[in-house]
Amino acid sequence: MKKKIIINTKKDLDKFYKRLWLYRSFIYRNVMFEMEKDKYNISSFINALNIKNRRKRIEYIYDAACLEIDSFYEGKNVCGFKDDQCYIQRKLKNNKYNGCCRLCFHQKNKGCLTKNLACKLFFCSEAKKRHKVLTIKDIKIFKILTIRQRYIISTDYFNLREEVINDLYIGSIMVVLFKYVYRMIKKSIIRIIKKRK
């Protein structure tokens, strides 16, 4: 029978946050986390910690963070797009389109084809001046990830969801850096070939 940790009081919650770094480790793989009511808004934490398969837990955290970010920005035009140009592109009158996303290999006419957390959290200084934007610290479920994984999430731009999840699973910043450079070179070559056609 699995051991249970129940979070019902403020004291339980404080203890939960203090020990979160430990709860995500293999030591607690046979422990189930429970709460009667989600009065502290931590159901996503509980769900994630109850997923004992490491890869599936990372996928759950990734998708939960995407949903949180998407719902925060729903109906908001933070980049100020008009006629496919952002604030900066209209200000500079440089005939470029799609804002920062124009650099991405996955950007198409109908929008982005992937769910990339680094991209979802990035905004230029102009957008930040005009709107409140989320930072990696605002997404509470990221506390379940290690510091290295949070760094990877915040820097792994222009990659597919599956690629980023693989990077998080590996968890090594050096390996991720080499993979990222390889991907960028590969995408740049493909972009050059397409331009020549």
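1. Asn 95 sits in the loop between H5 and strand E3 (107-108), and in this predicted model its phi is near 60°, a positive value in a residue other than glycine. Most residues other than glycine have a negative phi, so the backbone at this position deserves a look. With a relative accessibility of 64%, Asn 95 counts as exposed.

2. Asp 83 belongs with this point, since it too is not a glycine and has a positive phi, here of about 50°. Its place is the loop between helix H4 (54-73) and helix H5 (87-92), where Asp 83 is exposed, at a relative accessible area of 70%.

3. A further positive phi, of about 75°, is found at Gly 171, which comes just after H9. Within helix H9 itself (residues 161-170), the buried residues are Arg 161, Val 164, Ile 165, Asp 167 and Leu 168. Because these buried residues fall within an arc of 160° when seen down the axis of H9, they line one face of the helix. An α-helix has 3.6 residues a turn, so residues three or four places apart point the same way.

4. Which residues does Asp 167 touch, not counting those up to four places away in sequence? Asp 167, in helix H9, has a relative accessibility of 0% and so counts as buried; its contacts, with that exclusion, are Ile 152, Asp 156, Val 176, Lys 179 and Arg 183.

5. The largest nonpolar core has 40 residues, and those with the most contacts inside it are Phe 16, Phe 33, Leu 117, Ile 141, Phe 142 and Ile 144. Among the elements that each supply at least two residues of this core are helix H1 (10-18), strand E2 (31-34), helix H3 (43-49), helix H8 (147-155) and H9, while its largest share, 8 residues, comes from H4. In soluble globular proteins, nonpolar side chains tend to be buried together.

6. Ile 144, one of the residues with the most contacts inside that core, is in contact with Leu 20, Arg 24, Phe 45, Ala 48, Leu 49, Arg 57 and Ile 61, leaving aside its neighbours within four places in sequence. Arginines are thus included in the surroundings of Ile 144.

7. At the surface, Met 174, Leu 177, Phe 178, Val 181, Ile 185, Ile 189 and Ile 193 make a nonpolar patch of about 680 Å². Ile 185, one of these residues, lies in helix H10 (residues 173-196) and counts as partly exposed, at 49% relative accessibility.

How values were computed
Residues numbered from 1 in each chain as written. Predicted model: local features only at pLDDT ≥ 70, side-chain atom pairs only at ≥ 80, totals over all residues. Heavy atoms only, no water. Buried < 20%, exposed > 50% of the residue type's maximum accessible area, 1.4 Å probe, protein only. Helix = DSSP H or I, 4+ residues; strand = E, 2+ residues; numbered from the N terminus. Arc of directions from axis to C-beta. Contact = heavy atoms within 4.5 Å. Patch = residues over 30% accessible without salt bridge, like charges linked within 9 Å, V, L, I, M, F, W, Y side chains within 5 Å. Areas by Shrake-Rupley, 256 points an atom, 1.4 Å probe, with all protein chains shown as cover. Salt bridge = Lys/Arg side-chain N within 4 Å of Asp/Glu carboxyl O. Core = buried A, V, L, I, M, F, W, Y, C linked by side-chain atoms within 4.5 Å.
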